[in-house]
Structures are given as structure tokens and as C-alpha cells.
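Me: Please take a close look at one strand and the sheet around it. Then work outward to the rest of the model. Keep it brisk, with the cut-offs stated.

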Amino acid sequence: MSVTEVGSGMRSYYGRPVLKEPVWQPEIPWYFFTGGLGGASSVLSLVARVSGHELLAQRSIQIASAADAVSPLLLISDLGRPERFLNMLRVFKVTSPMSVGSWILAYSSAASSVSAFLNTIGRLPRVSELARTASAVSGAPLAVYTATLISDTAIPVWHEARRELPFLFGSSAIASAGAAGAIAVPPAQAAPARRLAVGGVLVENALFNLMEKQLGMVGEPYSKGEAGKFKKIAVGCTLGGAGLLAGPARRSRLAATVGGALVLAGEAAVRWSVFKAGFQSARDPKYTIEPQRERLQRSRTAPGSAEGSV
Amino acid sequence: MAAEPTGTPYAWPDTYGDEAKERMGFFTDTSVCIGCKACEVACKEWNLVPDDGMVWTGESYDNTSTLGANSWRHVAFIEQDKPLHGDGDGEVDALRWLMSSDVCKHCTHAACLDVCPTGSLFRSEYGTVVVQEDVCNGCGYCVPACPFGVLDRRHIARHSGDPPHEILGLQLGKNEDGRVWKCTLCYDRLKGGHEPACAKACPTDSIQFGPLDELRERASKRMEKLQAEDWNGARLYGEDPDDGVGGFGAFFLLLDEPEVYGLPPDPVVTTSHLAEMWKTAAVATGALVLGVVAGFLGGAR
């Protein structure tokens, strides 16, 4: 009755955030990137092997194992108590995407490094192949679960994008793996890698815009502040790199290297943009309060629900 | 509003069997809070919660500002040009000063507990949500998972005299606490048959401790009284077992909308969408594999 209803003037406690910003450090967006690169490269390596692209298969598993080797270091470094990192493997909880992801990463890391090692020294080809297949099996989940991890939080810009984020991260991972492959093999043998990079970039850009549009007001951080800055970098780098890979990179190794590097930089910027958007989303209480208020008002105007406590 | 007692004396029988206790909680009745902050002090003293600096905020009498790793009770102060009762009945200078002692909600469906990858966060035999500090490795997942922003990582050197913490760099064993901390509902005191320190210290019984069913009954009676007396904006917050987190173990009687106190108006546990999120991840995983295969269709151009 006498309580002012929320209209344009949202009410809050001295403008302070309702949610806590994540405590995650720069290691985490870099891990989103290396996890995507490693995961998709494992898959790429297996498909290349099966379809007879030997060199691409070999280089991709090396890229995957390198990325999979860096990833756990980044994660351990980010912990508040790094010396307790093994506690991650103390339990297995499906309600915790981080728990599931830790197991996926441990398995994938082991498989890709065994395969890359044996492949490089040219010993035990069967074991190497088995390990490659094993790492390819976990590759796609590794590239995608980080999106589920951040969706499974109270941060509006992440949680409300739970349907788009896994596809965004997946396409970004494909673009990264393709770009890395296009750098690592001569142009004549890199056609599938270039196609993956270009296709991945196009799908990723389309999904990013779709996600932003679907989020509406909650998606504002993507056009503001650091998240907005990283998004601009991402669009410029990915599209520029894809242009090079689609054209001159077919003949020129230099163009392939520059184009691939641009795509890799752009896909890293995608992860940074998403990461930073989460902080901005938590910092401003309006992203938390306004959608909840609207939800409440919708349910109050729905028939059969009377709220008379005001 | 009047929550029916569930009739079950054991809150978590499936987990604890014979060792399960009645579900215990807080009812914080802000209509009698006088803003003395005895709860904040008692909590810090009993739980050895460290000092985390002092800032004059200028926000009424509140210099704690928010719950966090080093503040497990937080008294909010709100000054309003509004009468306490009804429309003021011709009061010229209508003014009210709202005070509310905030705390971890010990949700029935607790996001922090669900997402914790180490099992450090657990449900006690009293139905409360507690962090095991000897297990927590400071991954920080619970921090953005909590819909109330209760949990935070503690940034304080483990021992006085430790060198300052380097955030970057791959060194193991950082020289700071690094773990997350929050209200335990004084798990140790409960084990000894005592009420939590904040409730014990509260001079007006604004913080009431007891079996949750009993508290809900008491709260609904109190609400009836306040409504009869025409208190402005009185409402219960978090007492409804059908809300987005399945009801709070620590719920409130507020005198204005939750957001005025810095609380979310309609909190929902993020894991209520978990099945949908895993399904989406599975589809995206399949799409990724198909996408890579598609890249190999076509010639060598």
C-alpha cells in the first residue's frame, strides 16, 4: 500500500551488490581458452587420423597435450589453497560441474599426454592410438563443461545464458583448434583445419549475438566496460583472422600463421568477455533485483495467487 | 503463510539416520532490532573471525556493509521518511529507522553445498550448512553460486608476519588463508547444547534460535500481531518451504521489500536448473563432435 512499488526507480541497499563477484583470477578465462583448445584439438586429431590426415592428426594431439598440460596448472594456481588441489578428486558430484570437470580434465590430460608422448617418440603405436581415442572421447566434454560451470551460478548474465553458453564455448573451441591446426601444418594439408576455424568463428559470432539479444537487459555488460571491450576485440580478431584463413592462407603459410593467431587471440577474448561480464553482472544489483521483481510481479498477477503482506 | 509443522522430528533422516537432529534455525524479527550489533561482536568473538579493517561508509550506522568471509552477521541500517504504522495519521515528521541483522540463510536447497567440488560444504545433522575448513581448497565456486552473496574467500595472511600474497605466479602454497568462510550456525555450540552466540547476545530477542517448525509458528503469530497493529510493510521473508530455495533455515520478518535490506526479492537455487544445464551440455558436446567431422567433409582446399 504505502510501500513504493518498483518502477523506474529500483530500490536497493545503498546501491550495494546483492551477489558476490567471483573470486576467480585471470587464470580462469585462460583456462576456459586452453580447455577449449585442448578438448577440441583431441577431437580434431582423432577425426584427422581416421580420415587420413596424418600430419594434422599428429600436430593436433601435440597441441591438445600441451593445452591439457597447462590447464591443470592454471586451475591449481587459481586455488586459494593450491597445496590442496587433490581435494578436487576427493569426491565425484554431479551437482558440481567443477567436480565433474576436474575428473574430465584429469582423465583427458593423462590420455592426451600419453598419446602425444608415444606418438612423438614413435613407440607403442597401438597404445598411442588407444590414448588418442580416449582423449578424443573426453575432448568435447572438456571444451563444453566450463560453460555449464559458470551457468550453474547465481550470476544473472551467466545463469540466464545457460542454453547458449555451452554452444558458444563449443564453437569457440572448434575455431581455436582449427586455427591452431592451420598454423601447425603446411597450407596444402590444412584445409579441414581452416574450414573448422572459419566455420567455428562464424557460428561463435552468431551465437554470441544471439545470446546477448536473448539476455536483454541482463546482457548489458557485453556492451559495457571490460566485457564490452573484450567483445569488440573478439569480433575484430576472429573475423579478421577468418578472412585471412578463408583466402590467402590457402597458399601462404605466413597468411595462415597470422590468420590463425588472430583467431586464437579472438577466441581468447571471447572467454575474457564472458568472464568479465560475470563480474559486471554481479557488481550492479539491478541485474539481480529487477528480473526477480518482474518474475514476482508476473506470478502475483497470475490468477489464484494473492500476496497481501504489504 | 502459516507453515504447517512438517510433523517429522528429524530433518535429514536419509543422511544421518539415528544421528539426525531436529532442524534448527534462526528467526530474525527485525521489528525489535535496535541495531546494537551485539550479534556481530558475539559472532566475531566466539568464532574467532578476524578483523578486516574499518571504513566509515556514511551509510547510516552501518560500517560492516555486507556479509562476507569476515562478517557472518551484518546489521543493516535504513533511514526512511515513512511512518512505522499505517499512513502516519497526521504525523508531521514521519521517520523510521529500519535495522536488520543479516546472516547465512542455511537454505533447504543450498547452491553453495551443491556446487562445492570437494565436499567441504556439508549439511550437518541439524540441517544447517557448514564449511569444513580443513577440506576447503579455496576454489571459490560457492562464492558466485550463493543467491545472497553470503560466502567469500578470506584474504588474510595465515600468520602475522607472512609476506604479502602474490596473486599471479605459479607458486604453490600461497601465504594467505584462501578458504571460504561463512556462518556455521555455531555448529560447535549446537553440539554442546548451546544456542548460537548471536542469538545468545541479542538483547531484544530479535534473533531467535530454535527448531525451525517452532520458529515458523512463532513468526506467523508475530506477523498476525504486526498486521493487526498496522505496521508498515511487515512481511515474512524466507519462511515459505515452497520458495526458490525450499525455504530458509534462517528466515526474517522484514518491514519493507527484501531489496531495501540488500536481499534478493525472489532467490532461486541455481541447481534447480541443473538437469536442463547438463542436457544442454550433452547436446553441445554432440554438436562439437559433429562440427569437427563436418570440417573434414569436402576437398583439400
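Reply: What follows starts with one strand and moves outward step by step.

First, the ground rules. Residues are numbered from 1 along each chain as its sequence is written, and chains are lettered from A and ligands numbered from 1 in the order in which they are written. The model is predicted: local features need pLDDT of at least 70, side-chain atom pairs count only at pLDDT 80 or more, and totals for chains, interfaces and linings use all residues.

The part in focus is strand 1 of chain B, residues 24–29. Helices (H or I, at least four residues) and strands (E, at least two) are DSSP runs, numbered from the N terminus. Buried means 20 or more other C-beta atoms within 10 Å of a residue's own; exposed means 12 or fewer; partly exposed lies in between; the C-beta atoms are placed from the backbone. By that count 6 of the 6 residues of strand 1 of chain B are buried, so the strand is largely enclosed by the rest of the structure.

Now the two faces. In a regular strand the side chains alternate between the two faces of the sheet. Here B:Met24, B:Phe26 and B:Thr28 point one way. B:Gly25, B:Phe27 and B:Asp29 point the other way. Both sets are buried.

Next, the partners. Strands of a sheet pair through backbone hydrogen bonds, either parallel or antiparallel. Two strands count as paired if DSSP finds at least two bridges between them. Strand 1 and strand 8 of chain B pair in the antiparallel sense, over 5 bridges. Strand 1 runs parallel to strand 10 (residues 250–254) of chain B, with 4 bridges. B:Phe27 takes part on both sides. It stands opposite B:Gln208 in strand 8 of chain B, and its bridge partner in strand 10 of chain B is B:Phe251.

The full sheet is open, has 4 strands in the order 8-1-10-9 (chain B), and its pairing is mixed. Its edges are strand 8 (207–211) and strand 9 (235–237) of chain B, each pairing on one side only. Neighbouring strands are turned by 20 degrees against each other on average, direction ignored. Helix 7 (residues 212–228) of chain B packs on this sheet and touches strand 1, strand 8, strand 9 and strand 10 of chain B. Its direction makes about 135 degrees with that of strand 8 of chain B. Axes are lines fitted to C-alpha atoms, for helices over the stretch in contact, and angles run from 0 to 180 degrees between N-to-C directions.

Step back to the chain. Chain B holds 8 helices and 10 strands. Of its 301 residues, 50% count as buried. Contact means C-beta atoms, placed from the backbone, within 7 Å. Of the contacts in chain B with a separation of 6 or more, 64% come from residues 24 or more positions apart.

Chain A is built otherwise: 10 helices and 0 strands. Of its 310 residues, 60% count as buried. Its C-alpha trace spans about 80 × 45 × 35 Å along its principal axes.

The chains meet through 70 residues from chain B and 75 residues from chain A. On the chain B side, helix 3 (111–115), helix 4 (142–145), strand 6 (152–153) and helix 8 each supply at least two residues. Helix 8 of chain B gives the most, 15 residues. By class, this side has 34 nonpolar, 21 polar and 15 charged residues. Ala, Val, Leu, Ile, Met, Phe, Trp, Tyr, Cys and Pro count as nonpolar, Asp, Glu, Lys and Arg as charged, and the others, Gly among them, as polar.

Helix 8 of chain B covers residues 274–295 and includes B:Glu276. With 12 C-beta neighbours inside 10 Å, B:Glu276 counts as exposed.

Last, the core. A nonpolar core is a set of buried Ala, Val, Leu, Ile, Met, Phe, Trp, Tyr and Cys residues joined through C-beta atoms within 7 Å. The largest one has 174 residues, and those with the most contacts inside it include A:Ala40, B:Cys112 and B:Leu288. Helix 6 of chain A brings the largest share, 13 residues. Beyond its neighbours within four places in sequence, B:Cys112 is in contact with residues including B:Leu121, B:Val129 and B:Cys142.

Key:
Two residues are in contact if their C-beta atoms, placed from the backbone, lie within 7 Å.
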